[in-house]
Every structure is written in C-alpha cells, then in structure tokens.
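Student: Could you walk me through this structure, starting with what surrounds its ligand? I would like to reason my way to each answer.

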Amino acid sequence: MSDDAIISPDTRRGDRLPPGQSLTRKWPVLHYGEVPEFDPESWDLTVFPVPLVDQAVAFTWPQFQALPRAKVFADMHCVTRWSKLDNLWEGVPTRELLKHVTVSPAAKFVMVHCEYGFTTNLPVDDFFADDALFATHHNGQPLDPDHGHPVRLVIPRLYAWKSAKWVRGVEFMTDDRAGFWEEWQHGGYHMRGDPWAEERHRPGE
Ligand SMILES: Nc1nc2c(c(=O)[nH]1)N[C@H]1C(S)=C(S)[C@@H](COP(=O)(O)O)O[C@H]1N2
Ligand SMILES: [Mo]
C-alpha cells in the first residue's frame, strides 16, 4: 500500500470478504465482447447532457492525462463470486469532473458509456464516492488492454461490473435506467449492486 493513497473504507473492515464471495489471488479477466483498440487521436471522455450539466464537455487524451491524479487502495468483488483484495489503483478521481461541470441537483443517476456500447448505471452519489476513480494504472503498471486500458472506472464499494472498462462517456440522468448487465436479457443485475447486502440481481418482476 502507498502512504498517499485514498483508502477505500471497505478495506478497513475486520472481515473484508463480503457474503458469498471467495478470495482469488489471480486477476481474472471478465467482460462481454471484444477488447477495443486504443486510438489516442480519436479517444475522448464525454460528460453530458445539458441541462443536467451546465455545459457538455469532452476531454481529449492529452487533456485527460493533464488532470490531477490520485491513488486508491481498494478491494474488488465480482458478482460471479470472486474477490481480489489489495488493489492499488491510480488515475483521476471521478470528483475531478465537478471542477469542469456544474451538475444539477436533479441528476440522481449516472449511465457510464464504454467502447462498443457497453453501459452500466449507478446512483450519482456512488459515482462521486471519495474512492471512485477513472483508473489508468493498477499496482504501479499501466492497465493491460484486457483490464480496461487506457481508462476504466473503479467503484470499489459496488460489485465490479459497475467498474466499467474502456470508459468513454458519463451521462447524468434524473431517472434510473438499466445498463448492459442490468437489463433483464443480460441477467438483470442489480441497479445498485452493494456486495455487503448481496445486491446481485434486481428484485424480480
Ligand atoms: N466495458 C466493460 N466493462 C466491464 C465489463 C464488461 O463486460 N464490459 N464487465 C465488468 C465485470 S462483470 C467485472 S467483474 C469487471 C472485471 O474487471 P477485470 O476484467 O479487470 O477483472 O469488469 C467490469 N467492466
Ligand atoms: Mo463481474
């Protein structure tokens, strides 16, 4: 662990393994679809829509790289029941966006948009948690393409499917909408996904 890291509060629990999870020492790769190619010329990270933000912004790769950075020490819990503890992530805190846009109090949820149309939804407060990061590095190394290079979201206190890889956009919403794994045809995963409450699936319809 590094002295200057933000410590995710879940790593301070006496028992760091949420109910129904097993420890893994390896780092599994888990996603739907192909691993995208990274093109620094065309890559951007967009934040929208007006009027939920006062202005839509798009960070180019050089602009994103110039943003202030932080480290986060956190555990990772996949809904398929593996947990990987002791991760040191590095990147740009999600809260950094608040220095570039004013978010309306009417924005209650976020839809995260990724390459190839992958999406995931979460409450705005979880998105802006102190330990939430747009990560570029893991344990001192740039992310592998498989793990989300160049930028993935890390939301340590929710199940890892909310930690979207190859993130490209942040959409604020007044009402919640299901992302990819949250849609019924892809499993109906939970709209929030708190591992300590075992919020694996959405309550049935
Ligand atoms: N773009 C994208 N991000 C994604 C997924 C995905 O299918 N597509 N799967 C999620 C799931 S289910 C998990 S457990 C984590 C796994 O991250 P890892 O492959 O780096 O271990 O990525 C999440 N991020
Ligand atoms: Mo997962």
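Student: How do the residues of the shell around ligand 1 divide into nonpolar, polar and charged?

Tutor: Happy to start there! This is a predicted model, in which local features need pLDDT of at least 70, side-chain atom pairs count only at pLDDT 80 or more, and totals for chains, interfaces and linings use all residues. Residues are numbered from 1 along each chain as written, chains are lettered from A and ligands numbered from 1 in written order, and side-chain values use heavy atoms, without hydrogens and water. Here Ala, Val, Leu, Ile, Met, Phe, Trp, Tyr, Cys and Pro count as nonpolar, Asp, Glu, Lys and Arg as charged, and the others, Gly among them, as polar, and the shell divides into 15 nonpolar, three polar and two charged.

Student: How many residues surround ligand 1, and which are the closest?

Tutor: A residue counts as near if one of its heavy atoms lies within 4 Å of the molecule. By that rule 20 residues surround ligand 1, and the closest are P28, Y32, H147, R152 and K165.

Student: How far from an oxygen atom of ligand 1 is the polar side-chain atom of K165?

Tutor: Let's build up to that through the polar contacts, which are pairs of N or O atoms within 3.5 Å. A backbone N or O atom of P28 lies 2.7 Å from a ligand oxygen, and a polar backbone atom of Y32 is 2.8 Å from an oxygen of ligand 1. For K165 a polar side-chain atom takes part, and its distance from a ligand oxygen is 2.5 Å.

Student: What percentage of the area that ligand 1 exposes when taken alone does the protein bury?

Tutor: Accessible areas come from the Shrake-Rupley method with a 1.4 Å probe. Taken alone, ligand 1 exposes 530 Å², and the share buried by the protein is 99%.

Student: Which partner in the salt bridge between R13 and D10 is buried?

Tutor: A salt bridge is a side-chain nitrogen of Lys or Arg within 4 Å of a carboxyl oxygen of Asp or Glu, and R13 and D10 meet at 3.0 Å, N to O. Buried means under 20% relative accessible area, exposed over 50%, and partly exposed in between (1.4 Å probe, protein chains only). At 36%, R13 is partly exposed. At 7% relative accessibility, the buried partner is D10.

Student: And between E198 and R200, which one is buried?

Tutor: Their side chains form a salt bridge at 2.9 Å, N to O. E198 has a relative accessible area of 35%, so E198 is partly exposed. With 7%, the buried residue is R200.

Key. A polar contact is a pair of N or O atoms within 3.5 Å; within protein, one must be able to donate a hydrogen and the other to accept it, and residues adjacent in sequence count only if both atoms are side-chain atoms.
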